[in-house]
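Trainee: Please pick one part of this model and take a close look at it. Then work outwards from there to the rest of the chain.

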Amino acid sequence: MTRTLPYVTPLVPALIVIAFFVWFANWIPQTRWEPPKAQAIGADLAPEELAQIGRTVVRQRGCLACHTLEPGGGVKGAGRGPNLAGVAARRAQGVAGGPDNLVAYLAQSLYEPSAYLVEGYANIMPSSVTAPANLNYEETVAVIAYLQSLGKAPTVKVGDVPRPAASAPGAQPAAVASADPAAMFTALACEGCHSLVAGETRVGPPLDAAGLKQVAAGRGMSLEAFLMESIVNPGAYEKPGFPGGVMPPDYGTRLNATQLDAMVRYLAAHGGRP
Ligand code: HEC
Ligand code: HEC
């Protein structure tokens, strides 16, 4: 044994290096194969665990493009939607004429935001079960647990929250009957996010023809082609300074060709007159 030692000793640094690479090679796949971030939300999760997941969902799915979280700030925060920080206390009894408890109210405000409009706010919130948020049932429960946790301890578990009614808007994107572009502009909620008056910014940029022409030219497109693209595929060009992923991406499936064409021509002409 002692006689082999002199031969082994010089090899020690090499052995350490080899050991390091063996360890490293085993370590790499583990970091690569980390489970994907979109976690399956188990039915057995405690309300506190759901609230943690909901916290992430609210940040990832664009809720904070409109809402703020300002503890002690009252309903009217600095955002385009109500301050969510106090929502659990404010809505502990639900709302008059609507759901009479916090969980049912929160479920309604996510599935069908237009069913009850918070005073002083316009009907601009897209249903959370459709684009852009696309919350599945478990994610909805997690968001509700998180919203509860903004006031007191969360209580909901998967299964405690009603599922969206099949008839709720969003379960099936409503087709629009009219081909009158001014009526569509209101019916499709464009108006909640866009003004037709130059300089009047809402959630989205104003849609005055002069401004639109400029953007279209900058993209090397005709005004009509740019408008068509912006409506059916809003993600193709995201205007700097505005929240991406907020404009519903499904107008292309909700409008038929005649309606789309009418809308494009309406926007192209609107404000083009002196
Ligand atoms: C485009 C802007 C916008 C987005 C995006 C949005 N909201 Fe809203 N939200 C509003 C507005 C405006 C209101 C108030 C009008 C109403 O009640 O629908 C509101 C109301 C609410 C309410 C009721 C608040 C109260 O004080 O009663 C809740 C809860 C809520 N939103 C949660 C969410 C969550 C969660 C998301 C993300 C999945 C989200 N919102 C995405 C604009 C938005
Ligand atoms: C929930 C809010 C929301 C709704 C509803 C909405 N939009 Fe938008 N829209 C945006 C935002 C935010 C942008 C800017 C970011 C981007 O380019 O995607 C935008 C961009 C646009 C643009 C490109 C403007 C430019 O200067 O680049 C057009 C055109 C447009 N929307 C038309 C419409 C029409 C028509 C409707 C209704 C059929 C509609 N939008 C509904 C939020 C909305």
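Mentor: Arg80 sits in the loop between α3 (47-60) and α4 (87-90); helices (H or I, at least four residues) and strands (E, at least two) are DSSP runs, numbered from the N terminus. Residues are numbered from 1 along each chain as its sequence is written, while chains are lettered from A and ligands numbered from 1 in the order in which they are written. The model is predicted, and local features need pLDDT of at least 70, side-chain atom pairs count only at pLDDT 80 or more, and totals for chains, interfaces and linings use all residues.

Arg80 is partly exposed because 19 other C-beta atoms lie within 10 Å. On this scale, 20 or more other C-beta atoms within 10 Å make a residue buried, 12 or fewer make it exposed, and partly exposed lies in between, with C-beta atoms placed from the backbone. Once neighbours within four places in sequence are left aside, Arg80 is in contact with Cys66 and Val203; a contact requires C-beta atoms, placed from the backbone, within 7 Å. Leu64 is 16 residues from Arg80 in sequence, and their C-alpha atoms are 9.5 Å apart.

One contact partner of Arg80, Cys66, leads to ligand 1. There are 31 residues around ligand 1, and Cys63, Cys66, Gly81, Tyr121 and Met125 come nearest; a residue counts as near when its C-beta atom, placed from the backbone, lies within 6 Å of the molecule or strand. At least two shell residues come from each of α4, α5 (102-111) and α6 (137-149), and the largest share, 3 residues, comes from α5. By class, this shell has 22 nonpolar, 5 polar and 4 charged residues. Ala, Val, Leu, Ile, Met, Phe, Trp, Tyr, Cys and Pro are taken as nonpolar, Asp, Glu, Lys and Arg as charged, and the others, Gly among them, as polar.

The loop between α5 and α6 holds Pro132, and the peptide bond from Ala131 to Pro132 is cis, with omega near 5°. Asn134 lies in the loop between α5 and α6 as well. Its phi is near 50°, a positive value in a residue other than glycine, and Asn134 counts as partly exposed because it has 13 C-beta neighbours inside 10 Å.

Next, the cores. The largest nonpolar core has 29 residues, and Leu106, Ala142, Val143, Ile144, Ala145 and Leu147 have the most contacts inside it. At least two of its residues come from each of α3, α5 and α6. Such a core is a set of buried Ala, Val, Leu, Ile, Met, Phe, Trp, Tyr and Cys residues joined through C-beta atoms within 7 Å. Beyond neighbours within four places in sequence, Leu106 is in contact with Ile144 and Leu147. Another core lies apart from it, with 21 residues, among them Cys193, Leu212, Leu227 and Leu260.

Cys193 also appears at ligand 2: of the 29 residues around that ligand, Cys190, Cys193, Gly204, Ser230 and Met247 come nearest. The elements giving two or more residues to its shell are α8 (190-193), α9 (209-218) and α10 (223-232). The shell comprises 22 nonpolar, 5 polar and 2 charged residues. In the loop between α7 (181-187) and α8 is Ala189, whose phi is near 70°, a positive value in a residue other than glycine.

Within α9, Ala209, Leu212 and Ala216 are buried. Seen down the axis of α9, its buried residues fall within an arc of 60° (taken over the directions from the helix axis to the C-beta atoms), so they line one face of the helix. An α-helix has 3.6 residues a turn, so residues three or four places apart point the same way. The buried residues of α9 pack against α10 and α12 (257-269), and the face turned away from them carries the exposed residues Ala210, Gln214, Ala217 and Gly218. Just after α9, Gly220 takes a positive phi of about 65°.

For the chain as a whole, the secondary structure comes to 12 helices and 0 strands, and 28% of the 274 residues count as buried. The average pLDDT (the predictor's confidence in each residue, from 0 to 100) is 83, and 81% of the residues score at least 70. Residues 29-37 have pLDDT below 50 and make 0 contacts in the model beyond near neighbours in sequence. Residues 167-173 are also below 50, and that stretch has 16 contacts beyond near neighbours in sequence.

Key. Two residues are in contact if their C-beta atoms, placed from the backbone, lie within 7 Å.
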